[in-house]
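Visitor: I would like to go through this structure with you. May I ask short questions as we proceed?
Guide: Certainly; please begin.

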Amino acid sequence: MEPKSLLKTLVVSVLFFSTYLTQAQITGLVLDYDTNDPLIGAIVRSGKKHTTTDLDGTFQIDAQVGDSIEIKYLGYQTYLSTIKDKHLRIVLSPKSEMLDEISVVALSAEEAEEKRIKSSITPVTVITAKELITKAGNLNEILARQAGIQIRQTGGLGSSARINIRGLEGKRVQIFIDGNPLNTPDGSLGINDLPLQVIERIEVYKGSVPAWLGGDGLGSAVNIVIRHRDVSYIDVNLVRQSYNTSRAGLIVKKSFDKKGIEAGVGVFNTYSDNDYTMAIPDQENLNVVRDHDKFHSLLIGGGITFNKLWFDEIEFEGAYMSTRKEIQGITQNIQHAENKGETIVGVMNLKKTGLLDDRLSLRYTLIRGKINVEFIDTSSYSYNWDGTRTPSIFGKGELGSGPNLSNTEQDELRHRLNLYYTLGETSSLNLNNTMRKSDFNPMDDVANEFAGKNLFNYPGSLFNTVSSLTFERESKLKNFLFSAAVKHYYNHTEGYNTNIYIQDAPEYINTNTHNWGYVAGLRYNINEFLLAKAVHERAVRLPNNAELFGDGVLITPSIKLQPEEAYNYTVGLVYDRILKNYNRIQAEVNGFYMDVDNLIQLAGNGLSIGYVNYAKAFIVGADFELKTDITPWLYSGLNVTYQRVVDNNQFIPGTKEVENPTYNEDIPNIPQVFTNLNVELHKENLLLKKSKSRLMYDLSFTQEYDYGFALSVYDKFIIPSFLTHTISIEQSFQKDRYTVTFEANNITDQMVINNYNQPLAGRTFRLKLRCLLLGKRTQNHHHDH
């Protein structure tokens, strides 16, 4: 199959901004009487015309002053009056009993936003704040329960974790925070450091990366949207769990509504011993306690926002983070090696709408950051599992071929510019540009002195931009959407190609690459409940810092790396229907094919290792997801994923005649079948008035798979199947002001391995306490996200 011949000229984006309404003569705003919050999805009728309120509670309807108007919203008193003005402000009062005469359910703000995002051309999973905020677990665990997603972990809290979406892993899946690429230095999943209480929602795009996000990636992306509350509040979270693990978070925000100023600060502290018992691979009946796996992180952030200046919003934010992580050995007993890190980040955000006759909106983000990472490995001894020690065969160092006391500094400057322009009622253009400038400066005098020369510690720099232009057109009936975009990738790198054999000064290399990508797709509403979508993408991933410049310790630079590329195809159906006042069914099925080339992999000859371009693969699969509110008090969700990642190298990379023995074999360490099931019972006012009770059950199953190529009957590289069960009990009081959550994770103590042969923790207990104190809303204003 040759994907390039199927589509060559196409151009992209996702339906991300609000749907535009047709011209109307009467506009209005519908609010809750008690909270002054906008009511989303309220039914508005005037004569034969009808509509519903939008995400900010507003509506437009074709009517005249003097006409009658009726507004209904589930659980509220019906509003019936005569239109007296072209601009209406209507307040609805809650009823003690539900309105029987309403046969449809108005969606909450979160549900309406989720439905809007899922109506794009790209398959997307949306995880809302409701699913996140009271969870006692972490973000990795929540992501791992979604369709098509696996989190590949090497250990407990703070250990390396890589996200895998549809067989694409780690650095090939781009991570964004509010649309800005995260780009962790080693390509690992860094979003687990984000506290759940600061997240509004998570958008997981599968099969293509929306052009408005910018950045690169091979076909999937995760966008974390940060929560913005429009009121003053205090939010306190405390979590205590097994293996001496604790997490604490505090957010304080004050709104000065008359001056249009908001200011806030947050502090988050995490600590864990991670001292669970593990079975040592390939050593029968040897179980040890992980005694060198401690992790500690501290995150402090603050910000101030101005929303009554020329810009709709000007935001300045700053954050400091420090981490310390001991390195736990799996095949050998490590007792002293560890990593430390410090990060300082400053951010400026600008937003402006209403430009050029209300057709143009602008968003701009500028980020300045400094990252400092230390690697410490100076022990003079090697340790056995029984605690005895022997002198290091290299003199010093437990991990490499000598001691290391490295300090790597990384300076980052980034920006993102997004311009959204409406061409009319049904068409739009979106221009997006991201820029990244990074300077990389490793230093390790101890390693250099031991080697008698400077091995790897040479500076490097990169500069790249990703620009995209998207055209989008939706039919007037909003039942058909076409989206197309073109993307340009520019990458400039400077550095030194070094390895252990070089005796003279290493070669200085200066490279430039230009690559083009595109996305094109459509969405068609078959009826009001069912829509179909299809999308094709040529995706590009630029090499990251770790691949280009090594780690300044064990991995040599590879300045000449070329970008990875992929041709992706996805088709899907989405079903969303409310059958009764309480019964909603959501179902989605997708099929996908990806042809990936030029993959970057770590390779070496025993003494020196570095990254090279050589691998080819194709990925084929399907995923299915079903969510349903079975009764007013019972919810259930199920997802199933099947995927194959196949070696597509006919010949050994680097040769043209040596047959590849793994050609057409499944690439190891990637599961083919996995599924998740969750069931939730919930009831309001069960214990006390204004209280909510929830009982949740989660099941996760992953089928057995190999962590190495099994080329003969004697090769046994098997990661066993695992089935885990998790039970959570949540109780909130005073309209979610106080919440207590207890969770028992992996209650059967199943052995779980999801990354080569590195065992994870077994049964884990957690207790979470939360207190949320909200101030009063003095005026109504709505943040878009």
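Visitor: How much of the protein chain is buried?
Guide: Of the 785 residues in the protein chain, 52% are buried. Please keep in mind that this is a predicted model.

Visitor: How much surface does the chain expose, then?
Guide: The protein chain exposes about 35,300 Å². Carbon and sulfur atoms supply 56% of that area.

Visitor: And what about helices and strands, how many are there?
Guide: The protein chain has six helices and 43 strands.

Visitor: What share of the contacts joins residues 24 or more positions apart?
Guide: Among contacts with a separation of 6 or more, such residues account for 64%.

Visitor: Let us take one residue. Where does T465 lie?
Guide: T465 belongs to strand β29, which covers residues 460-474.

Visitor: Is T465 buried or exposed?
Guide: T465 is buried, because its relative accessible area is 15%, and the cut-off for buried is under 20%.

Visitor: Which residues does it touch?
Guide: Leaving aside residues up to four places away in sequence, T465 touches N433, T434, M435, H488, Y489 and Y490.

Visitor: Now to the sheets. What is the strand order in the one that contains β1?
Guide: That open sheet has three strands in the order β4-β1-β7, and its pairing is mixed.

Visitor: Why do β4 and β7 have one side without a neighbour in the sheet?
Guide: β4 (58-61) and β7 (87-92) stand at the edges and each has a single partner strand, so one side of each is left without a neighbour. On average, neighbouring strands of this sheet are turned by 25° against each other, direction ignored.

Visitor: How do β1 and β7 pair?
Guide: Strand β1, residues 26-32, pairs with β7 in the parallel sense over six bridges. Within this pairing, D32 stands opposite L92 in β7.

Visitor: What about β5 and β6?
Guide: Strand β5 (residues 68-72) and strand β6 (residues 79-82) run antiparallel and are joined by four bridges. I71 stands opposite Y79 in β6.

Visitor: What do the two strands form, and how many residues are between them?
Guide: They form a hairpin with six residues between them. In the turn, G75 has a positive phi of about 90°.

Visitor: Which strands make up the sheet with β8?
Guide: That open sheet has five strands in the order β8-β14-β15-β12-β13, with mixed pairing. β8 (124-128) and β13 (180-181) stand at its edges with a single partner strand each, so one side of each lacks a neighbour in the sheet.

Visitor: How is β8 joined to β14?
Guide: Five bridges join β8 to strand β14 (residues 199-206), and the two run antiparallel. One bridge partner to look for is Y205 in β14, which goes with V124.

Visitor: Changing topic: how many aromatic pairs are there?
Guide: The count comes to 10 aromatic pairs. Y73 and Y76 form an edge-to-face pair, at 5.3 Å centre to centre and 65° between the planes. Y73 counts as buried at 12% relative accessibility, and Y76 counts as buried at 12%.

Visitor: Which pair is stacked?
Guide: F742 and F765 form a stacked pair, at 6.3 Å centre to centre with 15° between the planes. F742 lies in strand β42 (residues 738-745) and F765 in strand β43 (residues 764-774), so the pair ties together parts that are 23 residues apart in sequence. F742 is partly exposed at a relative accessible area of 38%, and F765 is partly exposed at 40%.

Visitor: Which residues form a cluster?
Guide: Y458, Y496 and Y508 form one aromatic cluster.

Visitor: Which rings have a charged end over them?
Guide: Among them is the ring of F529, where the charged end of R577 sits 4.1 Å from the centre. Another is the ring of F256, with the charged end of K254 at 5.8 Å from its centre.

Visitor: One last residue: where is Q332 found?
Guide: Q332 is in the loop between β22 (313-326) and β23 (338-354). It counts as partly exposed at 35% relative accessibility.

Visitor: What does Q332 touch?
Guide: Not counting residues up to four places away in sequence, Q332 touches W385 and E398. Q332 and S382 are 50 residues apart in sequence and 8.7 Å apart in space, C-alpha to C-alpha.

Definitions and conventions: Residues numbered from 1 in each chain as written. Predicted model: local features only at pLDDT ≥ 70, side-chain atom pairs only at ≥ 80, totals over all residues. Heavy atoms only, no water. Buried < 20%, exposed > 50% of the residue type's maximum accessible area, 1.4 Å probe, protein only. Contact = heavy atoms within 4.5 Å. Areas by Shrake-Rupley, 256 points an atom, 1.4 Å probe, with all protein chains shown as cover. Phe/Tyr/Trp six-rings, centres within 6.5 Å; stacked < 30°, edge-to-face > 60°. Lys NZ or Arg CZ within 6 Å of the ring centre and 35° of its normal. Pairing = 2+ DSSP bridges. Axes fitted to C-alpha atoms, helices over the stretch in contact; angles between N-to-C directions.
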